[in-house]
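Subject: Structure handover and notes

Dear colleague,

Here is the structure I promised to pass on to you. Please open it alongside the notes below, which set out what was found in it.

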Amino acid sequence: MLSLKVQTRKFSDLAIRYSSFYEGKIEIAPKVPIKNLDDFSVWYTPGVAAVSKLIQRNRELSFDYTARWNTVGIFTDGSRVLGLGDVGPEASLPVMEGKALLYKYLGGVDAIPLPIDAQGVERMVETIKALQPALGGVNLEDISSPKCFYLLEKLREELEIPVWHDDQQGTAGVTLAALLNALKLTDLKLSEARITLFGAGAANIATARLLIEAGADAGALMLVDSKGILHPERDDIDELLLKHRWKYELAIQTNRDRRVGGIAEAVDGADVLIAASRPGPGVIKKEVVQRMSDKAIVFALANPTPEIWPSVAKNAGAKIVATGRSDFPNQVNNSLIFPGVFRGVLDVRAKAITDEMIIVAAEELARYAQERGLDEDYILPTMVEWQAYPRVAAAVGSKAVELGLARKRLSEEELYHRAKRIIGRSKKLLQVLGRAGLIRRPPKMGMK
Amino acid sequence: MEGASELVLRLKKLNGEFDPLFAVSANATDACRHYLSDSIKDAKSLVLVSEQKGKIVGLLKADLRDRTFYQPRKEGAIVEFYILPEYRRKRLGEELIEEAVKALKRKGAQIITAEFPSQNQIAVNFYSKRGYRPLVSVYATEKV
């Protein structure tokens, strides 16, 4: 696939030129009118002191009288950025800015990129904790595994605002949504499907945990890592206990039959293969897909190239194929989940994002696609179907209310309209700024 | 015997995770088997196993020691203790310890001790929770 390489080079080239032309992707802009000198006395001193005193008496009011309610910190230590690895906090900044752009554009959320020079995981916990007063939510991004599991677990315990690690929960959520619809099309139930996960990084471990939480049969689940199929008596099990508790716990729960071997043995008779391993093609061979059941569902999620090309998987008998890419049907992309999830939790001032809330987000996303009409090439909406986002937001927000995790009680309908309005405003803002010439047209540049 | 000595080997490998001085040797598999069969014959040793559906899932080995200079003099020392991961947190370990303590008492033990790598925080927590306290420290160096 030479065209793919050419395409990637074109995007890389543009990204470098545009980034320097626009000098970054986001900025902070006022949202209040300033007409005369008096206005400054309202928005700043002396007027602002009165607001300060209100909040001093009740800290929760910081959600009502400031932009805290809509502000999310995007934290990373730069230890596992995209497929690049440990690039450090500064080099992660363009990626975090990109994330902030998606947050604003798709979810109407003000997200601040905050790569931190964290010397050790406890320092990182302390730093994020210390910034809690300024934030309505925390988004962890591109942090190496298993550190990311510890961080999410610890911060979920310690903070009173929602904490999210997109590489875990976002991926797991959107994968669950895609799977629910793929199972619907193949007439299978989640509780009865035999599911194999190939790759045991942050994404697939989180996916396995969420699938079990959503009703998948843990004993029928199989996880394959570089050492083969996980099972409770694998030689390195005690090493996992000490070094990767989350993988250890899955090893004990899964693979009831104690199947040993690699991916080929693991998919024998499986209905579902979810691969989040390393870029292909050829990482999963057609022979592997041929060993699956006659209702084979294959998600090859590695980026930039899936573990197996969709056409190869289909020819080998796969009924439904999904990848991480937008140029194939069925793109399983975190960006379908996180903007809506945060829109929802921010609008009810939620204290946490639980697994149940991620499951309703996945179900709502799946339902949206169902209403549009499912087929083997449409199991998920695409990122341009923006009507899906307020739906997810409303579902997540009302679940938070139901679970008693919301500071503000709104009905699902109120949440939906509110989300629609906020996201709509965000899109309009960009249009208006563009029309007014405040966002300049990109420079004309010859393609290399 | 196979099942039991496999558990001893697993325990030794687990110890290896805590300090390079516990890296298992090449002949550890055979060594475990001999060690176990000797222990079973030895009147001063005790070997207990947990069985589930005909499979050995836990093992405990203890030794009776004479504390010549101290009193009480008779010590029952738990020196090997391992439960397969799947069977942990199900009170199996507890039962195994309780049985061992009873048997060691019958053999005359007046105090019970347990040995494990200093860095094994899971063991530290397990015994501390049951009222055990640190007694002996062993420090090591390779620089000789």
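The notes below take up one helix, one loop residue, the second chain and the contact between the chains.

Please keep in mind throughout that this is a predicted model, and that all values given here are computed from it.

I begin with helix 5 of chain A, which covers residues 89-107 and bends by about 30° at Val95(A). Val95(A) is itself one of the buried residues of this helix, and the others are Ser92(A), Met96(A), Lys99(A), Ala100(A), Tyr103(A), Lys104(A), Leu106(A) and Gly107(A). An α-helix has 3.6 residues a turn, so residues three or four places apart point the same way, and that is a useful thought to keep at hand when you look at the list. The cover over these buried residues includes strand 1 (71-76) and strand 2 (110-115), together with helix 15, helix 17 (388-402) and helix 18 (412-435), which likewise belong to chain A. Just after the helix, Gly108(A) takes a positive phi of about 65°.

Helix 15 also leads to the next point, since Val348(A) sits in the loop between helix 15 (338-347) and helix 16 (355-372) of chain A. Is this loop residue, Val348(A), buried or exposed? Val348(A) counts as buried, because it has 24 C-beta neighbours inside 10 Å, where the cut-off for a buried residue is 20 or more. Apart from neighbours within four places in sequence, Val348(A) is in contact with Gly397(A), Ala400(A), Val401(A), Ala406(A), Arg407(A), Lys408(A) and Leu410(A). By contrast, Pro33(A), 315 residues away along the chain, has its C-alpha atom 26 Å from that of Val348(A).

Turning to chain B, its secondary structure comes to four helices and four strands, arranged along the sequence in the pattern α-α-β-β-β-α-β-α. The radius of gyration of chain B is 15 Å, which agrees with the value near 15 Å for a compact globule, because the chain has 144 residues. Its C-alpha atoms fill a box of roughly 45 × 40 × 30 Å along the principal axes, and 24% of its residues count as buried. Among the contacts in chain B with a separation of 6 or more, 56% are between residues 24 or more positions apart.

Finally, the contact between the chains takes eight residues from chain A and seven residues from chain B. On the side of chain B that touches chain A, these divide into three nonpolar, no polar and four charged residues.

With best regards

Terms used: Residues are numbered from 1 along each chain as its sequence is written. Chains are lettered from A and ligands numbered from 1 in the order in which they are written. This is a predicted model: local features need pLDDT of at least 70, side-chain atom pairs count only at pLDDT 80 or more; totals for chains, interfaces and linings use all residues. Helices (H or I, at least four residues) and strands (E, at least two) are DSSP runs, numbered from the N terminus. A residue is buried if 20 or more other C-beta atoms lie within 10 Å of its own, exposed if 12 or fewer, and partly exposed in between; C-beta atoms are placed from the backbone. Two residues are in contact if their C-beta atoms, placed from the backbone, lie within 7 Å. Ala, Val, Leu, Ile, Met, Phe, Trp, Tyr, Cys and Pro count as nonpolar, Asp, Glu, Lys and Arg as charged, and the others, Gly among them, as polar. The bend at a residue is the angle between axes fitted to the seven residues ending there and the seven starting there. The radius of gyration is taken over C-alpha atoms; the globule rule is 2.2 Å times the number of residues to the power 0.38.
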